[in-house]
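Visitor: Please show me the model and take me through its fold, core and one helix.

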Amino acid sequence: LLGSPAPAPAAPLEGAGLGLPPRIKVVLLGDSGVGKSCLALRYTRGWFDAGSKATVGAAFSCVTVALPHSGPSAKIDLWDTAGQERYQSLAPLYYRGAHASVIVYDVTQRETLAKAAWWLDELRRYAGQHMVLVLVGNKTDLADQRQATEEEGRALADSIGAHYVETSAATGSHVAEVFEGIVAQMAGGLPLSVN
Ligand code: GDP
Ligand code: MG
């Protein structure tokens, strides 16, 4: 019809259009050995290396991963401590500008769940209050060694205002939900899908 404008093309589903930063900074926190590096490797590369060694000689590392095509065109900068968690004080640079934090514990090591609250305090000393928080109980594949129940993990998550996901970096179970849930949360306040 003459004079009627062609329908505007659908706005591309880009990070900016959804109020997302083009690069989302996510910091991994949690005790040494809980599986932070394995979760990062599983999500960014899709594999698990049971023989992987801790990174030596770097305070932290950062990998960037583009989100799946169906989602917003943002990228996640995933920051991982490389052993420095032992010193109980991370450089403020690690936290600076972080949009989200994933606090990881090991469901087969009860004390790592208790330490999750300590990591939250550490985070709040350096980072802003408005952050997407996810508490992750990792190593669910080791079901016969489990020491902390899902209910305990979820109760702590509720008490600190975090979302809760149980994962296995070894099998890949629910790993993508952690990171894609963060993006969904930032894009539209959608609830994270949890177990
Ligand atoms: P980080 O110190 O938190 O970075 O922990 P790592 O990612 O280095 O993992 C510590 C140890 O736990 C390694 O021996 C891993 O192979 C093992 N690990 C990590 N994630 C899992 C998991 O989901 N299941 C099992 N069975 N082992 C895991
Ligand atoms: Mg590590």
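## Fold, core and helix α4

Guide: The protein chain holds five helices and six strands, counted as DSSP runs (helices H or I, at least four residues; strands E, at least two) and numbered from the N terminus. This is a predicted model, where local features need pLDDT of at least 70, side-chain atom pairs count only at pLDDT 80 or more, and totals for chains, interfaces and linings use all residues. Residues are numbered from 1 along each chain as its sequence is written, and chains are lettered from A and ligands numbered from 1 in the order in which they are written.

Visitor: Which pattern does the protein chain follow along the sequence?

Guide: The pattern is read along the sequence. It is β-α-β-β-α-β-α-β-α-β-α.

Visitor: Which helix gives the most to the largest nonpolar core?

Guide: A nonpolar core is a set of buried Ala, Val, Leu, Ile, Met, Phe, Trp, Tyr and Cys residues joined through C-beta atoms within 7 Å. Buried means 20 or more other C-beta atoms within 10 Å of a residue's own, exposed 12 or fewer, with C-beta atoms placed from the backbone. The largest core has 47 residues, and Val-26 and Ile-103 are among those touching the most other members. With six residues, the top contributor is helix α5.

Visitor: Why are the buried residues of α4 on the same side?

Guide: In α4 (residues 150-160), Gly-153, Leu-156 and Ala-157 are buried. They lie on the same side because the directions from the helix axis to their C-beta atoms cover an arc of only 100°.
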